[in-house]
Amino acid sequence: MSYTAAGFSLFTMFQGYLGAEAEKQGHLAQADEFDLMAVQTDITRKFNWQQRNARTKQLQINTLQSGMDKAAMAGIQGHKTTENIRADIGGSGVALGGGTANEVIANQHIQNANTQLAIMQGTEQRMDSIFQNAVAVNKMEDFKANMAISNYKRKAARSRKTAETAFMMGMFNAFSSAVSTYKATGGDFSTDSFADYKDTIFYDDPYSGWYDTWDHGTHYPHKAGPLPGQDNSYLRGSLIL
């Protein structure tokens, strides 16, 4: 086993882990952004709904006031017309109590009332049209907002799923890169090289650049055996790295 190769391999795997985690966090942040956009869309939808309703109510009030003013003016005009008819009849010498005179005046009053009624009915229709238009706009905007919210939620869910998948793929790539680095730096997965180690206590591959020299008082490569005066027979057949 090469400790140098193992070190480079672990470092490579750690780098791969950092990259996988960063990509995962990026997708999760994107999912959170989509969630925020969904919330903002819903808040905007409600705000616009309230504003449209307020404008609709004010427009209805203005329309009603305009209709009432027109009806009042029609009533005044009708009253003037009635009085003019009354004056014309009186000036002609016809008795106002007569049937024909009263019928003419009564017909004028009815005409005046019909004119005012028509004005108010038209006003009511315009107010209802304003209301129905606001309802239609609200429904259309609600539909658009709900579609946008659903789209954002789907994107958020997809981003979270992608985050998990990307992390798993990143870790797989990190492991593969670590194996490649281990082999490229002299690491060996073969167990054949351990055949000569069975009868030793401490031994390391002299080509790895690392040597086990502890408890021997020496700092050069060696193949360690039993220490003088020490029975190490119980360690035979074992390998300590």
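These exercises with worked solutions cover a predicted model. Residues are numbered from 1 along each chain as its sequence is written, and side-chain values use heavy atoms, with hydrogens and water left out. Because the model is predicted, local features need pLDDT of at least 70 and side-chain atom pairs count only at pLDDT 80 or more, while totals for chains, interfaces and linings use all residues.

**Exercise 1. The whole protein**

State how many helices and strands the protein has, and describe its burial, contacts and surface.

Solution.
- Step 1: The protein has 2 helices and 0 strands. Helices (H or I, at least four residues) and strands (E, at least two) are DSSP runs, numbered from the N terminus.
- Step 2: Helix α1 covers residues 3–91, and helix α2 covers residues 99–184.
- Step 3: Of the 241 residues, 27% are buried. Buried means under 20% relative accessible area, exposed over 50%, and partly exposed in between (1.4 Å probe, protein chains only).
- Step 4: Among contacts with a separation of 6 or more, 75% join residues 24 or more positions apart. A contact means heavy atoms within 4.5 Å.
- Step 5: The accessible surface is about 16,200 Å², and carbon and sulfur atoms hold 59% of that surface. Accessible areas come from the Shrake-Rupley method with a 1.4 Å probe; for residues, only the protein chains shown count as cover.

**Exercise 2. Two residues of helix α2**

Determine whether glutamine 108 and asparagine 112 are buried or exposed, and list what each touches.

Solution.
- Step 1: Glutamine 108 is in helix α2, and asparagine 112 has its place in helix α2.
- Step 2: Glutamine 108 has 11% relative accessibility, so this residue counts as buried. Asparagine 112 has 10% and therefore counts as buried.
- Step 3: Neighbours within four places in sequence are left aside for glutamine 108, which then contacts Gly78, Thr81, Thr82 and Ile85. With residues up to four places away not counted, asparagine 112 touches Gly78, His79 and Thr82.
- Step 4: The side chains of asparagine 112 and threonine 82 make a polar contact at 3.1 Å. A polar contact is a pair of N or O atoms within 3.5 Å; within protein, one must be able to donate a hydrogen and the other to accept it, and residues adjacent in sequence count only if both atoms are side-chain atoms.

**Exercise 3. A salt bridge between the helices**

Find which helices hold lysine 24 and glutamate 164, and what their pairing ties together.

Solution.
- Step 1: Side chains of opposite charge can pair when their charged atoms come close. A salt bridge is a side-chain nitrogen of Lys or Arg within 4 Å of a carboxyl oxygen of Asp or Glu, and the count by this rule is 7.
- Step 2: Lysine 24 and glutamate 164 form a salt bridge, with their closest N and O atoms 3.8 Å apart.
- Step 3: Lysine 24 lies in helix α1 and glutamate 164 in helix α2, so the pair ties together parts 140 residues apart in sequence.
- Step 4: At 16% relative accessibility lysine 24 is buried, whereas glutamate 164, at 41%, is partly exposed.

**Exercise 4. Salt bridges of aspartate 42**

Name the salt-bridge partners of aspartate 42 in helix α1 and the network they belong to.

Solution.
- Step 1: Aspartate 42 forms a salt bridge with arginine 45, closest N and O atoms 2.4 Å apart. Both lie in helix α1, 3 residues apart, about one turn of the helix.
- Step 2: Arginine 45 is buried, at 16% relative accessibility.
- Step 3: Aspartate 42 also forms a salt bridge with lysine 46, closest N and O atoms 3.4 Å apart. Salt bridges with shared partners join Asp42, Arg45, Lys46 and Asp142 into one network.
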